[in-house]
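Visitor: I would like a close look at one part of this structure, the helix packing in one chain, together with the setting in which that packing is found. Please take it slowly and say how each term is defined.

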Amino acid sequence: MRKPSSSLLPSVMRRCFAKGLMALPAAILLSSIGMSASAANVNTTGLAVTDETVTIGILHSLTGTMAISETGAQEAEKLAISQINATGGILGRQIKIIQEDGASDWPTFAEKSRKLLVQDKVAAVFGAWTSASRKAVLPVFEKENGLLYYPTFYEGLEQSKNVIYTGQEATQQILAGLDWVAKEKEAKTFYLIGSDYIWPRTAMKIARKHIENVLGGKVVGEDYKPLGNTQFGSVINKIRLKKPDVIYAAVVGGSNVAWFKQLKAAGITSKKQTLLTISVTEDEVLGIGGENLEGFYSIMKYFQSQDNPNNKAFVAAFKEMWGEDSVMGDVTQAAYLGPWLWKAAVERAGSFDIDKVVAESEKGDIELTTAPEGYVKLHKNHHLWSKARVGEWSKDGQATVVYTSELIEPNPFPAGYQ
Amino acid sequence: MSFVYEKIMGGKKGLTGFIILATLILIIFPLFLDAFRLNLVGKYLTYAFVAVSLVLLWGYGGILSLGQGIFFGLGGYAMAMFLKLEASSPENTTIQSTPGIPDFMDWNQLTELPWFWEPFTSFTFTILAVLIVPAAFAYIIGSAMFKRRVGGVYFAIITQVIAVILTVLIVGQQGVTGGINGITDLRTLHGWDITSDSAKNIFYFINCGLLLTVILASRFILTSKFGRILLAIRDKEDRVRFSGYDVANFKIFIFCFAAMISAIGGAMFTLQVGFMSPSFVGIVPSIEMVIFAAVGGRMSLIGAVYGTLLINYGKSAFSESFPEMWLFLIGGLFIAVVMLFPNGLAGLWNDYGHHITNKFVFISKAFSKLVPQSLLKKVEDAR
């Protein structure tokens, strides 16, 4: 009975050890850089900051159904942190990471965030992906006065002192996309379909108001399917019957694979039908397959194919760290912004204290000119100014950007869309 | 006295086990764990209610319910609804289109509180709902199944299906249930901040007290005539029926009782963790809780608590140390326990526990010599 356990343990240790070894050269190289202000001055609230290091937490699902989506985000965060460390760290301190697994389970997210804040005293947490996980950790961050950088595009209707939202809120993504499709495709009739939870429902609520009140169009159908649903036959029949100018989709996660394959099987392809989705990034396309999506559109703020020097450097660095085959979706890029935004705020504040970092962030003038998506600025309301982009998918799983909006002001509580 | 000693405490062995458990959770944990870890243990102990209920149902009644999450969830949701209503006072929700209703209702374009939410403004009603709603639901399921002599694997499957149905219902009706997010952001109970460390400590002890009470009540049921009939039903249902007993009623009773226990756990969970979500109602948590009971030993009420603590401690510890491969380690733990100790942790205790019990008796006898005789006499008189 002893055998299996004894052969299991060393392999675990070997792995950890090997990981430690890989990090070692970087640590040696960098330990010489940086003359730091003493820890007491930059940290008056007892965070995990020493003269040489500052500890942060990464909290994403490494296991469970969300792991496939969240992997990119945590990889991007680690990339940004390793780059920051390579250029001298923050206030002369190297960033140490404590990673926790949210396990696609909202109570686990709450437990782990409390652990990171109460026990590990991390100076910032980069993490959460779904709205449900954010809602689960939010009271913990507010209670323990932590700082969360949340990377996902989401439904808005929230603005917490303790969260910086690096993804786009609903209006930033939805309105620009609808305007574009109405103008470019002369769309008048829309069919709305989404997964059944808070984000798609809020997104569709805003979309419907915009279609009816601003664009003068008509919503000819609105359907929600449970998360994980793989049967879209009835919806597809209704779509055939109603013949909408545009299918406007917010189907999330694994359901997307069934949704697009069944559309194709039913003969609804981009040749005859315009489809705009707000929930498909390069990550999802890996699973769906580019051929099932060819010619359909996504509206995001970032596409991997974006042609600018920042993005080229980001894509190259990402592939070098995580492998040639990796793809970078919208959320991956937004997650990459988190550590950089935090660095900017900390350096301005000259302190890791949460209240001071938040106060700097709330001044509304922290800019990142090196963002892969181009340029972003942090708004007073904790969200980012960013541009919306429409990408047309091609067979190889990459999108061509066919439209870029102006810089859009984030507005998590849009008047007239409630 | 002998009634209490034999029937409730379960004799010398039962008493020793009970005292060790009580010492561990009431004295040792609070002394040696920091606030964060203690709160975690408190959360684990809410699952222990379900594990204890499964010992009654599965270990003694032979009724394998793979849907105890249903009742845990019902209890938890009832408590969450009360707390959410308190958190959604008109002053707290001024930014909403309709102030005074829970935020998720506002997002889902509801403009008034649904009728079945109304009574949950009353704390008394909530407590009653925590106990009665799950029991009533269990009564309906139980009557429908046991009266028709549905049992064994069919019963297990049907409870699973009900768990799935309830999850789909909660997720689908997000306007009134909070959907997949669950009911979150619960902060106060009658104006008392339940997120503070002191509140968490108090809940921890209430939780422990309730758990120990539940164990004693369960022990009482099992040592009574009812318990023996239950065992008989498990081993030879037909023979009990031919002897003139209404088997179905016995099964319905124990199913309702188990549901009630699970619901208490759910309500305590909501109070300590601060939210409730459909992820506790479905198949996965329900089966997990069967595993807790199996690891602890499905014939042991106290073993179930240890099983729950061990597995959950393993989950937390492994996932903190090895975030990328902790699931394998947990799987390894399951396999190891089932292979090495088929009767769970309680089996270990039964095989080796008497050594400890003897020592304990020895110590307590030695201790009694140290206590002044006059004091002992007073205690005797008081009895």
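Guide: What follows starts with the domains, goes on to the helices, and ends with a strand pair and the contact between chains.

This is a predicted model, in which local features need pLDDT of at least 70 and side-chain atom pairs count only at pLDDT 80 or more, while totals for chains, interfaces and linings use all residues. Residues are numbered from 1 along each chain as its sequence is written, and chains are lettered from A, with ligands numbered from 1, in the order in which they are written.

Chain A is divided into domain 1 (11-168 + 308-382) and domain 2 (170-300 + 389-408), with bounds that come from an automatic or database domain assignment. The C-alpha centres of these two domains of chain A lie 31 Å apart. Their contact takes 15 residues from domain 1 of chain A and 15 residues from domain 2 of chain A, where two residues are in contact if their C-beta atoms, placed from the backbone, lie within 7 Å. On the domain 1 side, α3 (67-86) and α12 (330-349) of chain A each supply at least two residues; helices here are DSSP runs of H or I with at least four residues, strands are runs of E with at least two, and both are numbered from the N terminus. The residues of that side divide into six nonpolar, seven polar and two charged, with Ala, Val, Leu, Ile, Met, Phe, Trp, Tyr, Cys and Pro counted as nonpolar, Asp, Glu, Lys and Arg as charged, and the others, Gly among them, as polar.

Helix α3(A) also packs against α11 (residues 309-322) of chain A: the two axes come within 10 Å and cross at roughly 105°. That crossing makes α3(A) roughly perpendicular to α11(A), a term that covers 65 to 115 degrees. The axes are lines fitted to C-alpha atoms over the stretch in contact, and angles run from 0 to 180 degrees between N-to-C directions. From α3(A) come Glu75(A), Ala76(A), Leu79(A) and Gln83(A), which meet Ala317(A), Phe318(A), Met321(A) and Trp322(A) of α11(A). By class, this contact has six nonpolar, one polar and one charged residues.

Elsewhere in chain A, seven bridges join strand β6 (189-195) to the parallel strand β7 (218-225), and Leu192(A) has Glu222(A) as its bridge partner in β7(A).

Between chains, the contact takes 33 residues from chain B and 36 residues from chain A, and α15(B) gives the most to the chain B side, with four residues.

Key:
Parallel < 35°, antiparallel > 145°, perpendicular 65-115°, else oblique. Buried ≥ 20, exposed ≤ 12 C-beta atoms within 10 Å, placed from the backbone. Pairing = 2+ DSSP bridges.
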